[in-house]
Amino acid sequence: MKLVSFLIEREVRAGILQDDLVVDIHAVSEGSLPKDMISIIELGNEGLKRLKELGTFSEGEKGVHLLGEVTLKSPIPRPVSIRDFYAFEEHVKTARKRRGLDVVPEWYDIPVFYFTNHLAAKGPLDHIEKPADCEWLDYELEIACVIGKEGRNIPRESAEDHIYGYLIMNDWSARDIQKREMKVGLGPAKGKDFATSFGPYLVTKDELESYRTGDRFDLSMTAKVNGTLLSEGNYQDIHYTFSDMIERASKDVTLYPGEVIGSGTVGTGCILELGTETHPWLKAGDVVELEITGLGVLRNTIAERREEDEHVLSSTGEHTS
């Protein structure tokens with residue numbers, strides 16, 4: 001199944017995508033299934049069974065909307081957490097070489113990650129504002145998995161049992177801000193926490209089985225800016241699989257349904273890696289399209305920066321709204 005979160009009548013609801021229809025799960029189940037995606041995921045395999053039992057729907061039925069009549073949000077509007085790993089060797093080698101650095105030996109010992117802002121999740125078609133101090137705005141082409149079952153100290157051999165599904169992830173990066181703060185050695189923060197895009201839908205893991213090659217999937221990953229192809233990679237080239245990542249993330253820590261684990265950038269999957277001689281840093285009006293086999297196309301536009309709408313200090317020193 002392809003699951004979405006959509007905005008209709010000022011409320012975000014969980015739905016199933018069936019061709020060009022969005023099926024409101026709560027409405028068509030007569031209220032027996034939840035309204036929000038996290039609650040759907042928490043139902044686990046039993047919830048998936050109940051979703052499949054809903055069957056197929058037609059335009060005009062209660063709770064069934066044309067895709068063009070709703071606004072898709074991030075499939076998980078507020079993930080429980082977002083851990084982003086650094087799992088593609090080609091990206092690590094090339095990006096570090098661009099900075100005059102070698103790959104540290106420790107990278108081959110353990111998969112590493114950082115936490116990013118789970119309250120700044122963006123969806124398909126959302127406009128992305130770059131931070132005020134950013135001139136080097138970059139996209140990052142990634143795949144992410146969503147945890148569907150609670151677990152702690154999960155061995156890699158059973159890690160896939162804890163995966164609910166997969167989606168496209170764009171880890172937007174303010175490279176100039178990141179460059180300054182990384183000198184301190186603590187990890188990225190303000191260079192990353194302003195936006196992370198997901199979507200256009202969450203694909204349940206069973207849908208990717210036809211692409212399986214051992215413990216990986218043969219999934220083409222591409223990125224375009226303004227229609228020009230810039231990045232090409234494949235998930236099967238990843239060094240650390242999601243099973244490796246889940247084993248590491250769950251060491252001495254409990255993972256919960258609704259947590260997101262990102263792969264890190266695929267090889268060639270960002271401007272930092274390609275170099276500005278290939279494409280300049282992103283600017284207002286640029287349209288970024290990330291596509292992964294079986295997971296759709298995640299499209300976002302870089303917005304003009306706007307002033308805050310509220311509490312603007314007027315020339316008289318008064319606050320206006």
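Two strands count as paired when DSSP finds at least two bridges between them. Keep that cut-off in mind as we walk through this structure, which is a predicted model. Strand 18, covering residues 220–225, passes it with strand 19: six bridges join the two, and they run antiparallel.

Let's look at that pair up close. Val225 in strand 18 sits across from Thr228 in strand 19, and Thr222 has Glu232 of strand 19 as its bridge partner. The two strands make a hairpin, with two residues between them. One residue to click on in the turn is Asn226, which has a positive phi of about 55°.

Strand 18 also has a partner in strand 22, residues 287–292. Here again the sense is antiparallel, this time over five bridges. If you want a landmark for this pairing, find Met221, which stands opposite Ile292 in strand 22.

Now zoom out to the whole sheet. It is an open sheet of five strands in the order 9-23-22-18-19, and the pairing is mixed. Strand 9 (127–128) and strand 19 (228–234) are the edge strands; each has a single partner, so one side of each is left without a neighbour in the sheet. As a rule of thumb for reading any such sheet, side chains in a regular strand alternate between its two faces.

Next, the empty space. The largest pocket has a volume of about 1,000 Å³. Its lining counts 38 residues, and Tyr86, Arg96, Arg99, Gln178 and Met182 are the ones nearest the centre. What kind of residues make up this lining? By class, 18 are nonpolar, seven are polar and 13 are charged. Several elements each supply at least two lining residues: strand 6 (81–85), helix 4 (89–98), strand 7 (113–115), helix 5 (175–182) and helix 7 (271–274). Helix 4 gives the largest share, with five residues.

Helix 5 deserves a second look. Its buried residues are Arg175, Asp176, Ile177, Gln178 and Glu181. Among the things covering them are strand 10 (137–138), strand 14 (173–174) and helix 7.

That brings us to helix 7, where you'll find Ile271. Is Ile271 buried or exposed? Its relative accessibility is 1%, so Ile271 counts as buried, the cut-off for buried being under 20%. Leaving out neighbours within four places in sequence, Ile271 is in contact with Leu137, Asp138, Tyr139, Thr276, His279, Pro280, Trp281 and Leu282. For a sense of distance, the C-alpha atoms of Ile271 and Asp244 are separated by 27 Å, with the two residues 27 apart along the chain.

Tyr139, one of those contacts of Ile271, turns up again in the largest nonpolar core. That core has 62 residues, and Tyr139 and Ile261 have the most contacts inside it. There is also a second, separate core of 28 residues, which includes Leu3, Tyr164, Leu167 and Val260. In soluble globular proteins, nonpolar side chains do tend to be buried together.

Finally, try Ser210 for contrast. Ser210 lies in the loop between strand 15 (196–204) and strand 16 (212–213). With 63% relative accessibility, Ser210 counts as exposed, because the cut-off for exposed is over 50%. The C-alpha atoms of Ser210 and Gly294 are separated by 9.9 Å, although the two residues are 84 apart along the chain.

Notes:
Residues numbered from 1 in each chain as written. Predicted model: local features only at pLDDT ≥ 70, side-chain atom pairs only at ≥ 80, totals over all residues. Heavy atoms only, no water. Helix = DSSP H or I, 4+ residues; strand = E, 2+ residues; numbered from the N terminus. 1 Å grid on protein atoms, 1.4 Å probe; cavity = no way out; pocket = protein on both sides within 12 Å on 5 of 7 lines; lining within 4 Å. Points joined across faces, edges and corners; volume = space filled by probe spheres on them. Nonpolar A, V, L, I, M, F, W, Y, C, P; charged D, E, K, R; others polar. Core = buried A, V, L, I, M, F, W, Y, C linked by side-chain atoms within 4.5 Å. Buried < 20%, exposed > 50% of the residue type's maximum accessible area, 1.4 Å probe, protein only. Contact = heavy atoms within 4.5 Å.
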